[in-house]
Number of protein chains: 2
Amino acid sequence: MNNLITEIEEAEALYLDLKTRQLKVDLTRGKPDESQLDLSSGLEGILQGQTIVDGVDIRNYGEPRGLDSCRELGAEILGCDKDYVLAGGNSSLNLMSQYISSLFFHGSGDGPWSSKERISFLCPVPGYDRHFRLSEEFGINMIPVELTGEGPDLESVRELVKQDQSIRGIWCVPKHSNPTGEIYSKEITEGLLKISKEAKQNFKIFWDNAYAIHDFKDSIPLEDIFSLAKDIDALDSIVAFASTSKMTYAGSGIGFLALSKFNLDLFLKHYLALIIGPDKVNQAKHVKFFKKNGGVISHMKKHAEILKPKFELVDSWLSKQDYGSWTKPTGGYFVSFTSEEGLAKEIINLASGLGLKLTPAGATFPYGVDPKDNIIRLAPTACNIKELDTAMEIFVCCVALATLRNH
Amino acid sequence: MNNLITEIEEAEALYLDLKTRQLKVDLTRGKPDESQLDLSSGLEGILQGQTIVDGVDIRNYGEPRGLDSCRELGAEILGCDKDYVLAGGNSSLNLMSQYISSLFFHGSGDGPWSSKERISFLCPVPGYDRHFRLSEEFGINMIPVELTGEGPDLESVRELVKQDQSIRGIWCVPKHSNPTGEIYSKEITEGLLKISKEAKQNFKIFWDNAYAIHDFKDSIPLEDIFSLAKDIDALDSIVAFASTSKMTYAGSGIGFLALSKFNLDLFLKHYLALIIGPDKVNQAKHVKFFKKNGGVISHMKKHAEILKPKFELVDSWLSKQDYGSWTKPTGGYFVSFTSEEGLAKEIINLASGLGLKLTPAGATFPYGVDPKDNIIRLAPTACNIKELDTAMEIFVCCVALATLRNH
C-alpha cells in the first residue's frame with residue numbers, strides 16, 4: 001500500500017512537471033503528415049497538356065463510371081477484377097453514402113429500405129467513427145460485435161443475422177483495421193460470405209478496404225473477397241471501397257467502389273441521377289502519377305518509411321510501461337490502446353490537461369458509447385517524431401496516473 | 001392544294017438528297033466544345049508548388065465548407081454574400097442531391113420528407129432534364145407549370161402551392177434558362193419569394209443559377225435573390241446553386257451551394273456525415289486561375305466569343321424558314337424550338353434518319369412527356385461551326401417536311 005502511494009505521488013509529480021511545460025500536441029486524427037503529402041508533389045502539372053486519355057477528352061462530360069485506366073488503378077489497389085470497379089470522386093465516404101442512399105430509395109431487389117420499419121448494421125468494435133456517423137445519419141440501427149484480432153466474431157455475426165432480419169449489413173475494414181490494425185483472415189472472410197449467402201434477408205458486407213496496400217514493411221496480401229465470393233456464388237454480398245486519400249492527397253484523391261454486375265447495374269440507376277460524372281482530370285493525373293513512380297506499391301513504400309518509425313516510437317513508449325495492452329499494427333494509421341475498464345475517459349481527460357488531444361472516448365463505438373470505457377485510439381501519423389515523442393510521454397504518464405489511482 | 005403537294009415533294013427531294021450525304025451530327029447535349037475547354041489550359045500546373053492557401057494545407061483533410069477564397073469565388077458567380085456560400089466538389093448536381101437527401105432524412109424544421117405521404121415539386125416547363133431525373137429518382141411528384149418568358153407563371157404557382165401542401169419546392173434556372181433562355185424578372189423573383197413566405201407548408205425555391213454569368217455579349221445583371229429575400233425576411237426560402245462546369249472544365253470544376261444560416265446549419269449536419277471535404281487543390285487552382293485571367297467576367301467573354309456565332313447561325317437558319325417559333329437567348333447553352341403541336345417526335349425522328357441526333361422529345365418535361373409534343377431543344381455548343389451548319393440544314397429540312405405533311 002505504501003508502495004502504491006509512492007507510485008501515485010511520483011506519477012502526480014511527473015504530471016505536474018509536464019503541466020509546467022505547457023505542451024500542445026494532437027493525436028486525434030488519422031491524417032498524413034506534410035512529408036507524406038510532399039511525396040505526391042509530382043501530381044502538379046503532370047498531364048503536361050494531355051487532354052485525351054483512354055480515348056476521351058478528360059475535360060468534358062462523360063464516363064460516369066470513371067476513366068478506364070483509373071478503374072484499373074482501383075482494381076490494382078483493391079486486388080480485384082477491373083469489371084467490378086467504379087472510379088468516383090475525391091472520397092470513398094461519399095460513395096458509401098450514395099450506395100446506402102440507393103438502398104434506401106430502391107433497395108437491392110428487396111424493396112426500398114425507406115419502406116422498412118428498421119434497418120440495422122453490425123458494427124465490429126472498436127471501428128471507424130465515420131462509418132458509425134454515416135449510419136446514424138441514415139437512421140440505421142447499429143449493433144456492435146466483437147473483433148477477434150482477425151475479423152469479427154463469426155459466431156456472434158451468424159446468430160445475430162439469424163435472429164434479427166433487420167440486419168442488412170456489416171461494416172468491415174478488412175486490412176489494418178481502424179483502429180485495431182487487424183487483418184481479416186481467409187476463414188473469417190469466407191465465413192462472412194457464407195453467412196450472407198445463407199441469410200434470409202439481403203445482408204451485405206461493406207468492405208471498406210481503406211488501408212489495402214498501406215503496409216509498413218513488406219506487402220501483406222489480403223484475400224480477394226471477390227474471388228472467394230465467386231467460388232460460392234456470393235458476389236452480390238460484397239460492397240467494396242478504397243481510395244487514394246492516404247496515398248496521394250487526403251481529400252483530393254480518388255474514391256473507388258467495387259460491386260458485382262447485378263449490384264452495379266442497380267446502383268448506377270440511382271448514381272447516374274445524382275452525379276454528372278467524376279473529375280476525370282484528377283483521375284488521369286493519378287493514373288499517370290503512379291505509372292511514373294513505379295506503381296502503387298513502390299509509392300506506398302515511401303509512405304511506409306515515414307510511418308514505420310512513428311509506430312515503432314509509440315510501441316517503444318508503451319513497452320516501457322506496465323499498464324494496459326495495445327495493438328502492434330503492421331500497417332494503417334492507428335494503434336488501439338486498451339486500459340483497465342472505466343479509465344479511458346479519465347486518461348483522455350488527464351491528457352487534455354497536459355495539452356495532448358486524443359480521439360474522444362467512445363468515438364470508435366456506435367453512438368459514441370464504449371461500454372467498458374477502456375479503448376483509446378492513438379493516431380500517430382499527423383505529427384512529427386518530436387511531437388509524437390512528447391505526446392507519448394504525456395500519454396504514458398496519464399495512463400500510469402489513472403491506473404494507479406484506480407488500484 | 002397543288003401548291004402544298006409541290007412543296008412536300010420539294011421537301012422530300014431535299015430530304016433524300018441529304019440522306020445520300022450520310023451525315024452525322026449531334027445537337028443533344030449542352031457541352032462546351034474543345035476550343036472552350038482550351039481556354040482553361042492554364043489550370044494545369046498553376047499552383048507551382050503552392051500548398052498553403054487561406055492558411056490551410058490544401059492537400060490534407062479539412063475545410064468541409066470549402067476554401068474561404070473559393071467560397072468568395074462562388075459568391076462572385078452567384079452575385080450574393082459569401083456567408084451563404086459553400087464550395088463543394090465537381091458538380092452542383094451532386095450538391096442538389098445531397099441537399100434533397102438532407103430533407104428526406106431531416107427535413108427543414110418540418111420533419112423528414114421520408115415520413116410524408118407525398119412530396120411534390122413544381123417544374124417550370126420546358127426545363128432541365130437532370131432536375132426532373134433527380135426528382136423522379138427521389139420519388140418526388142412533379143407538377144409542370146408554364147414559363148412566361150421571364151419566369152414561371154406566378155398565378156399558377158400561387159394557386160398550386162395553396163391547393164396542394166405536398167408541394168415543397170420549385171426548380172428554377174433563373175438566367176438563360178435551360179432550354180428557353182429566359183431570364184427571371186425581378187417581379188417574378190419577388191413573387192416566388194412572397195409565395196414561399198406565405199405558404200403554409202415549407203416551400204423552397206431551388207435556384208439553379210447554372211448560367212449566372214454566361215452571357216453572349218454584355219454582362220446581364222440578375223437580381224440577387226438573397227437581397228430580395230432579406231427585404232421580406234424570406235432568406236430560408238432559397239436553395240441556390242452554381243458551378244464552374246461551363247467556365248473551366250465540364251466535370252472537373254467546382255460546384256457551389258448557397259443557403260441562409262438556418263438552412264446551412266441544418267444541411268451541414270447531414271452533409272458532414274456524407275463527405276470528408278471537397279477537393280481543395282482543385283478549388284485553389286480555380287481561384288488562382290480566375291485571378292490570373294482578370295476575373296470570371298473577363299474569362300466568360302472568351303467563351304462568349306466562341307458561343308455567339310453558333311447561336312447566330314442557328315437563328316439565321318431558323319429565320320430563313322417559315323415554320324414554328326424559337327427562342328433568341330442572350331446567353332446559356334440552348335435554343336428552344338416550338339413546332340406545330342404533335343410534330344416534335346416526328347421532326348426528331350426525321351432528323352435521326354439523316355444522321356442528326358437531337359435531344360429526345362419530351363426530355364425537357366417531367367417524366368419525359370411533352371403534352372403538346374411540340375418542344376425541341378437545340379444544343380449548338382458542342383459541335384463546330386461547319387457541323388452546326390450541316391445540323392441546321394438538316395433540322396430546317398425536317399421541320400419543313402413534317403409541317404407540310406401535317407397540313
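Biologist: What makes strand E5 (residues 120–125) of chain B and E7(B) count as paired strands?

Modeller: Two strands pair if DSSP finds at least two bridges between them, and E5(B) and E7(B) have three bridges, in the parallel sense. Strands here are DSSP runs of E with at least two residues, helices are runs of H or I with at least four, and both are numbered from the N terminus. This is a predicted model, in which local features need pLDDT of at least 70, side-chain atom pairs count only at pLDDT 80 or more, and totals for chains, interfaces and linings use all residues. Residues are numbered from 1 along each chain as its sequence is written, while chains are lettered from A and ligands numbered from 1 in the order in which they are written.

Biologist: Why is strand E7 (residues 167–172) of chain B called mostly covered?

Modeller: A residue is buried if 20 or more other C-beta atoms, placed from the backbone, lie within 10 Å of its own, exposed if 12 or fewer, and partly exposed in between; in E7(B), six of its six residues are buried.

Biologist: Why are helix H6 (residues 154–163) of chain B and helix H7 (residues 186–198) of chain B called roughly parallel?

Modeller: Their axes, lines fitted to C-alpha atoms over the stretch in contact, give an angle on a scale from 0 to 180 degrees between N-to-C directions, and here that angle is about 5°, with the axes 10 Å apart. Angles under 35 degrees count as roughly parallel, over 145 as roughly antiparallel, 65 to 115 as roughly perpendicular and the rest as oblique, and H6(B) and H7(B) are therefore roughly parallel to each other.
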